[in-house]
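User: Please take a close look at one part of this model, the network of salt bridges, and then set that part beside the other local features and the contact between the chains. Please give the cut-offs as you go.

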Amino acid sequence: MTAAPATPTPLEWRDFYALTKPRVMSLVVFTGLCGLLAAPGTIHPVIGFTAVLCIALGAGGSGALNQWWEADLDAGMKRTAKRPLPSGKMDRSNARDFGIALSVFSVLLMGLAVNWLAGAVLALSILYYAVVYTIWLKPRTPQNIVIGGAAGAFPPLIGWIAVTNQITLMPILLFTIIFVWTPPHFWALALFVKTDYAKVGIPMMPVVKGEAETRRQILIYSVVLLAVSVVPWAIGGTSWVYGLAALALSVAFLLIALPVGLRQSVEGDKMKPEKRLFGYSVLYLFALFAALVVDAVLRNLGAIG
Amino acid sequence: MTPEEEEAFKRARKGRNVALALVLVAFVVLFYVITFVKMG
């Protein structure tokens with residue numbers, strides 16, 4: 001750890017902003033908004049905006065709590081050592097209080113302005129990410145990414161519930177899609193980015209179970225993703241517009257994952273297939289959820305059956 | 001604290017305060033609009 005400067009650098013608003021993990025937020029806001037737009041029924045635009053804002057604030061709060069808990073780990077890893085806490089710029093209790101304040105505020109606002117079921121699920125998602133994942137299971141099992149994936153899968157579910165005020169099969173399917181998508185997405189990255197998770201004692205799959213097992217699991221999840229992604233169409237929750245888009249996107253996902261799953265890296269490997277899979281996986285999720293919204297809009301307009 | 005450091009500290013504090021003020025004003029407006037939507 002680098003020594004804290006004699007006089008601490010003054011805290012800026014950007015340091016608090018950085019605590020909310022703004023880069024993770026873009027996917028959270030996008031999938032939350034898509035869940036909201038794809039749900040049956042109507043929601044006043046102002047209330048819809050508030051719902052997405054609450055999802056973002058809740059995610060920001062969980063991000064701050066995550067960094068509060070992992071400040072020591074972050075200090076030991078190159079990628080995260082410059083964050084406000086490990087660099088010694090911000091006091092740990094500042095991050096904890098900021099995280100709790102954001103979380104509580106987001107849940108109360110969601111409950112009061114939108115509905116309390118959405119507020120309850122938002123609270124559940126924050127507790128899940130901050131406590132079940134960050135504090136409890138991440139340091140204990142190489143399946144941590146699978147477990148963490150559930151945290152990232154909440155936004156479309158919450159967005160949907162904000163409109164419908166009930167939990168039905170469709171939003172649970174959206175949850176399942178992101179849940180199954182996360183492991184191949186992250187493990188592809190873990191294969192080509194030499195992280196120092198091992199140094200700080202976090203048991204990431206490639207380190208604990210080895211590269212071959214990680215590649216095998218990427219392939220398994222890609223097959224499951226293909227199956228899960230078309231279920232909304234199969235049960236009649238969407239039209240063929242989403243169905244064919246999901247089929248094409250997921251078949252491409254599997255084809256891009258195949259070389260990753262079937263090879264082994266060699267000395268000085270450029271890891272091209274792994275980088276391609278990671279890049280495609282991000283595009284995949286955006287395109288799949290966009291297709292879901294397009295499908296819902298077309299059905300609402302009566303353009304398709 | 002040297003005068004330069006004090007200057008930097010004050011600038012950062014002012015920035016935080018301005019950011020907080022903007023957030024507060026934004027929420028006042030949002031709550032106002034939500035109230036009308038909820039009543040309508």
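Analyst: What follows begins with the salt-bridge network, goes on to some single residues of the same chain, and ends with the interface.

This is a predicted model, in which local features need pLDDT of at least 70 and side-chain atom pairs count only at pLDDT 80 or more, while totals for chains, interfaces and linings use all residues. Residues are numbered from 1 along each chain as its sequence is written, chains are lettered from A and ligands numbered from 1 in the order in which they are written, and side-chain values use heavy atoms, with hydrogens and water left out.

A salt bridge here is a side-chain nitrogen of Lys or Arg within 4 Å of a carboxyl oxygen of Asp or Glu, and a search of the whole structure finds 13 of them over all chains. Glu211(A), Arg215(A), Arg263(A), Asp269(A) and Glu274(A) are linked in a network of such bridges. Side chains of opposite charge can pair when their charged atoms come close.

Within this network, Arg215(A) pairs with Glu211(A), and their closest N and O atoms are 2.7 Å apart. The two residues are 4 apart in helix α11 (residues 211-229) of chain A, so about one helical turn separates them; helices are DSSP runs (H or I, at least four residues), numbered from the N terminus. Arg215(A) is buried, with a relative accessible area of 1%, whereas Glu211(A) is partly exposed at 22%; buried means under 20% relative accessible area, exposed over 50%, and partly exposed in between (1.4 Å probe, protein chains only).

Arg263(A) takes part in two of the listed pairings: with Asp269(A), the closest N and O atoms being 3.2 Å apart, and with Glu274(A), at 2.9 Å from N to O. Because Arg263(A) lies in the loop between α13 (240-262) and α14 (272-301) of chain A and Glu274(A) lies in helix α14 of chain A, the latter pair ties together parts that are 11 residues apart in sequence. Glu274(A) counts as buried at 0% relative accessibility, while Asp269(A) is partly exposed, with a relative accessible area of 24%.

The loop between α13 and α14 of chain A also holds Met271(A), whose phi is near 55 degrees, a positive value in a residue other than glycine; Met271(A) is buried at 8% relative accessibility. Lys21(A), in the loop between α1 and α2 (22-38) of chain A, likewise has a positive phi, near 50 degrees, and is buried at 17%.

Ser239(A) lies in the loop between α12 (231-234) and α13 of chain A and is buried at 6% relative accessibility. The side chains of Ser239(A) and Asp295(A) are joined by a polar contact of 2.6 Å, a term for a pair of N or O atoms within 3.5 Å, where within protein one must be able to donate a hydrogen and the other to accept it, and residues adjacent in sequence count only if both atoms are side-chain atoms.

Turning to the interface, contact (heavy atoms within 4.5 Å) takes 18 residues from chain A and 15 residues from chain B. The two chains bury about 1200 Å² between them, 83% of it on carbon and sulfur atoms, buried area being the accessible area (1.4 Å probe) that two parts lose on being put together, summed over both. Across this interface the rule finds 0 salt bridges and 2 residue pairs in polar contact, both at pLDDT 80 or more. On the side of chain A that touches chain B, α1 (13-19), α3 (45-69) and α5 (92-114) of chain A each supply at least two residues, and the largest share, 6 residues, comes from α3(A).
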